[in-house]
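Let's take a walk through this protein model, one neighbourhood at a time. Keep the 3D view open and turn it as you read.

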Amino acid sequence: MKKEKKAIEKGKIKILDGHVHAFGPKTQSIRDLLAFEKQFGYEICNYLSCECMDDATQNALGIYLKLIAPQCYAFGGLTYRCDYDPCEELEQLMESGFDGMKMVENKPTLRKQIGRPFHDAWYNGFYAALEEKKIPLVTHVADPTEFWDLAQIPAWALQAGYYYGGGEYASKEEWTLEVLEVLRRFPTLKIILAHFFFLSGDYDRISRLMEEYPNLCLDIVSGTEMYFNFSQDPDRWRKFFIKYQDRILYGTDNANLYEVADIENTQITCRMQEHFLLGEGELSVWDKKIQGIHLPREAAEKILGGNFLRLAGPSHSLNHAAAARYLQARLNNAAMKLTEEEQHLIREVKDLL
């Protein structure tokens, strides 16, 4: 690959981290997340709620984030603890000041618990409302292709129970086709497929999809396999990133971390992602190397924040009254079966509004 005269300096590009999380039913979780983000110079981030992981405090934490860091964004999530209308939930979250929605319920292990495929008719009204109101959706569908192959799955993933090739789960292709069915039904849905739709190992397929579905966007949150795949043919992928520079978004999967090994691995991952986009030459990452593609400045600025701002617009102001009503309704809903910890967190956030 032809080298540019010098690498882009990260400090001269404002980075918006479009994909972060916070876990644990404590407001401190959000404060710890924000402190961790500042280590990398990420002053603005987008918190993604994971209510579907049976944590009824995730949307409350998003409200708390908007309260203490109004420059930041929050995407709400759906819960599956009780039957309800997802369109009503969407309306209440948007009225409270959320900026978009997040789905991780189609990670295979969670899908097994929830039992609703991505193209299930139950979501039709929800997708239609997102499309009509131009609300962005970040969604995690499937997992890396290697997780269906016992010979290729990483040891850590196998140990975590992420092997899907034993007959209990649909094939990787079936998961992909579900998403394409939704894109056909709702062609103007502002959808961001997390983790590059786990297709970094199939250049031809992801290129075809980008052409066939012009509203489809990708985030490049590691899955480390993604960057190792990119580095096998950096010239080819550089052209892809330049061609689709308006439809690729940066994010990290950063969270409130406390274990030394987790923090160190996340620091390595963030450095790897930035080097891939901005740097040139090789960077050692654990026992492998990744190759920087040194994007032109205009493309880098779009991917590192401009595209998110265009899709999401300005951060919505927190509607204190609506958010308080939302949280009180959750406290009043016996079907939610809130734990004492969950009740405490939700009350704490409500009392701050």
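## A74, tucked into a strand

Start with A74, which sits in strand β3, residues 73–76. Keep in mind that what you're looking at is a predicted model. A74 has a relative accessibility of 0%, so it counts as buried.

What does A74 touch, once you leave out its neighbours within four places in sequence? Its contacts are N46, Y47, G62, L65, K66, F98, D99 and G100. Try finding M101 too: it is 27 residues from A74 in sequence, yet the two C-alpha atoms are 8.2 Å apart in space.

## Two helices that meet α13

Now look for helix α13, residues 320–332, and for helix α3, residues 86–96. Their axes come within 7 Å and cross at roughly 140 degrees. An angle over 145 degrees would count as roughly antiparallel, so α3 and α13 are classed as oblique to each other. The crossing of α3 past α13 is left-handed. On the α3 side, the contact uses E89, Q92, L93, E95 and S96, while α13 brings A322, A323, R325, Y326 and R330. Sort those residues by class and you get four nonpolar, two polar and four charged.

Helix α2, residues 58–68, meets α13 as well, with axes that come within 11 Å and cross at roughly 160 degrees. That angle is over the 145-degree cut-off, so α2 and α13 are roughly antiparallel. Here too, the crossing is left-handed. N59, A60, I63 and L67 of α2 meet H320, A323, Y326, L327 and R330 of α13. This contact has six nonpolar residues, two polar ones and one charged.

## Helix α11 and its surroundings

Next up is helix α11, which covers residues 260–278. How far apart should the ends of this helix be? With 19 residues at 1.5 Å a residue, α11 should span 27 Å, and its end C-alpha atoms are indeed 27 Å apart, so the two values agree.

Plenty of α11 is hidden away: its buried residues are T266, I268, T269, C270, M272, Q273, E274, H275, F276, L277 and L278. These buried residues pack against several helices, namely α1 (27–38), α9 (224–230), α10 (234–243) and α12 (297–312). They also pack against the strands β9 (280–285) and β10 (288–293).

## S29, a buried serine

Helix α1 is also home to S29. Is S29 buried or exposed? Its relative accessibility is 4%, so S29 counts as buried. Not counting residues up to four places away in sequence, S29 touches A22, F23, G24, N256 and Y258.

## Two loop residues with a positive phi

Finally, check out two backbone angles. F197 isn't a glycine, but it has a positive phi of about 60 degrees. You'll find F197 in the loop between β6 (191–193) and α8 (203–212). With 3% relative accessibility, F197 counts as buried.

D253 isn't a glycine either, and its phi is positive at about 70 degrees. This residue is in the loop between β8 (248–249) and α11. D253 has 30% relative accessibility, so it counts as partly exposed.

Terms used: Residues numbered from 1 in each chain as written. Predicted model: local features only at pLDDT ≥ 70, side-chain atom pairs only at ≥ 80, totals over all residues. Heavy atoms only, no water. Helix = DSSP H or I, 4+ residues; strand = E, 2+ residues; numbered from the N terminus. Expected span 1.5 Å × (residues − 1). Buried < 20%, exposed > 50% of the residue type's maximum accessible area, 1.4 Å probe, protein only. Contact = heavy atoms within 4.5 Å. Axes fitted to C-alpha atoms, helices over the stretch in contact; angles between N-to-C directions. Parallel < 35°, antiparallel > 145°, perpendicular 65-115°, else oblique. Left-handed = near helix turned anticlockwise from the far one by under 90°. Nonpolar A, V, L, I, M, F, W, Y, C, P; charged D, E, K, R; others polar.
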